[in-house]
Amino acid sequence: MTNGKTVLSVDGLTKRFGGLVAVDDISFELYENELMGLIGPNGAGKTTLFDLITGFHPPTAGTVQLNGEQLVGRQPHEICRLGLTRTFQIPRPLADLTVRENVAVGAFNQTDDRTEAEAIAGEILDLVSFDFEYESQAEDLPIAGKKKLEVAKALATGPEVLLLDEVLAGLNTAEVEEFLDVIEELRADVTVIMIEHNLDAIMALADRVLVMEQGGKLALDDPEAVQQDPAVIEAYIGSE
């Protein structure tokens with residue numbers, strides 16, 4: 001893709017937990033309406049990188065800027081209000097609320113009016129092709145429903161940048177295909193970083209792919225170049 005406006009800038013981001021370096025001097029720029037894939041072995045530091053960007057952990061070193069605004073030192077809710085939010089590997093629905101109410105909670109990032117928040121929730125649920133009753137209890141959903149709900153909750157906050165953490169994990173082939181269509185549609189309005197172990201999906205979707213290994217950046221390039229990189233093949237993809 002042609003480099004456009006930089007919306008997110010990560011520079012020298014590092015996180016140490018005692019003697020363990022979980023994220024090691026990661027730098028990249030994310031461009032408007034780009035979808036960047038984030039791949040690497042388990043324990044490579046991918047989710048920790050998301051935690052640092054979104055304010056759930058303070059970095060040991062480095063900076064994160066969203067449209068020139070420094071994010072380091074801000075709380076997750078403050079970062080969300082600036083236009084950057086995330087999903088989690090394990091869906092976290094508000095179990096006592098309905099599907100619509102769960103998404104409306106996210107929409108309160110955009111409005112103080114409950115009626116408007118619930119209207120936004122309905123629009124978002126339509127957008128992600130939610131296949132279950134909007135008034136059903138969130139805790140009763142199957143895994144595919146909870147995954148879509150997780151994305152809907154994040155989208156309801158009105159993000160400019162959305163970080164997706166393994167939203168395809170645990171889904172069957174048909175559910176994956178449906179979810180990929182949803183993500184493809186989001187790209188017109190939202191800039192995305194997507195952690196994913198489904199390499200076929202990420203290579204088909206992504207404009208660029210960032211590969212992490214042992215906390216560090218192993219590669220950052222377009223999908224074709226990444227798949228042909230000998231270091232990436234050895235560390236993660238495998239010779240097949």
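Between which strands does the loop holding Asn67 lie? I began my notes with this residue, keeping in mind that the model is predicted.

**Entry 1: backbone outliers**

I located Asn67 in the loop between β4 (61–66) and β5 (69–70). Its backbone caught my attention, since Asn67 is not a glycine and yet has a positive phi of about 50 degrees. I then looked up the accessibility of Asn67, found 34% relative accessibility, and noted the residue as partly exposed.

I looked for a comparable entry elsewhere and wrote down Ser129, a residue other than glycine with a positive phi near 55 degrees. Ser129 sits in the loop between α4 and α5, and with a relative accessible area of 34% Ser129 is partly exposed. I also recorded a glycine, Gly55, which comes just after α1 and takes a positive phi of about 85 degrees.

**Entry 2: helix α1**

Having met α1 through Gly55, I checked how covered this helix is. Helix α1 spans residues 46–53, and seven of its eight residues are buried, so I noted the helix as mostly covered. The buried residues of α1 that I listed are Lys46, Thr48, Leu49, Phe50, Asp51, Leu52 and Ile53, a list in which I marked the charged residues Lys46 and Asp51.

**Entry 3: the nonpolar cores**

Which residues have the most contacts inside the largest nonpolar core? I found Leu168 and Met194 in that role, in a core of 48 residues. Helix α5 (residues 143–156) gives this core its largest share, which amounts to seven residues. I noted a further core that lies apart from this one and has 26 residues, among them Leu30, Val64, Ile193 and Met212.

I then followed Leu168 outward, leaving aside its neighbours within four places in sequence, and found it in contact with Val176, Phe179, Leu180, Met194, Glu196, Asn198 and Ala201. Met194 is thus named twice in my notes, as a contact of Leu168 and as one of the residues with the most contacts inside the core.

**Entry 4: α4 against α5**

As a general reminder to myself, two packed helices are described by the angle between their axes and the distance between the axes. For helix α4 (residues 114–127) and α5, I read that the axes come within 9 Å and cross at roughly 130 degrees. That angle falls between 115 and 145 degrees, and α4 and α5 are therefore oblique to each other. The crossing in which α4 passes α5 is right-handed.

I next wrote down who meets whom: from α4 the residues are Ile120, Ile124, Leu125 and Leu127, and from α5 they are Ala152, Leu155 and Ala156. By class, this contact of α4 with α5 holds seven nonpolar residues, with no polar and no charged ones.

**Entry 5: α3 against α5**

I turned to the other partner of α5 in my notes, helix α3 (residues 99–107), which packs with α5 at an angle of about 30 degrees, the axes being 6 Å apart. Here too I noted a right-handed crossing as α3 passes α5. On the α3 side the contact is made by Val99, Asn102, Val103, Gly106 and Ala107, and on the α5 side by Leu149, Ala152, Lys153 and Ala156. The residues of this contact of α3 with α5 divide into six nonpolar, two polar and one charged.

**Entry 6: two residues of α5**

Is Lys153, which lies in helix α5, buried or exposed? With a relative accessible area of 17%, Lys153 is buried. Not counting residues up to four places away in sequence, Lys153 touches Arg92, Pro93, Asn102, Val103 and Gly106.

Ala156, also found in helix α5, has 0% relative accessibility and counts as buried. Leaving aside neighbours within four places in sequence, I found Ala156 in contact with Val103, Gly106, Ala107, Gln110, Ile120 and Ile124. I also checked a separation along the chain: Ala156 and Ala104 are 52 residues apart in sequence, while their C-alpha atoms are separated by 7.1 Å.

**Entry 7: Asp112**

My last look was at Asp112, found in the loop between α3 and α4. At 76% relative accessibility Asp112 counts as exposed. Its C-alpha atom and that of Asp181, 69 residues apart along the chain, are separated by 31 Å.

Definitions and conventions. Residues numbered from 1 in each chain as written. Predicted model: local features only at pLDDT ≥ 70, side-chain atom pairs only at ≥ 80, totals over all residues. Heavy atoms only, no water. Core = buried A, V, L, I, M, F, W, Y, C linked by side-chain atoms within 4.5 Å. Buried < 20%, exposed > 50% of the residue type's maximum accessible area, 1.4 Å probe, protein only. Helix = DSSP H or I, 4+ residues; strand = E, 2+ residues; numbered from the N terminus. Contact = heavy atoms within 4.5 Å. Axes fitted to C-alpha atoms, helices over the stretch in contact; angles between N-to-C directions. Parallel < 35°, antiparallel > 145°, perpendicular 65-115°, else oblique. Left-handed = near helix turned anticlockwise from the far one by under 90°.
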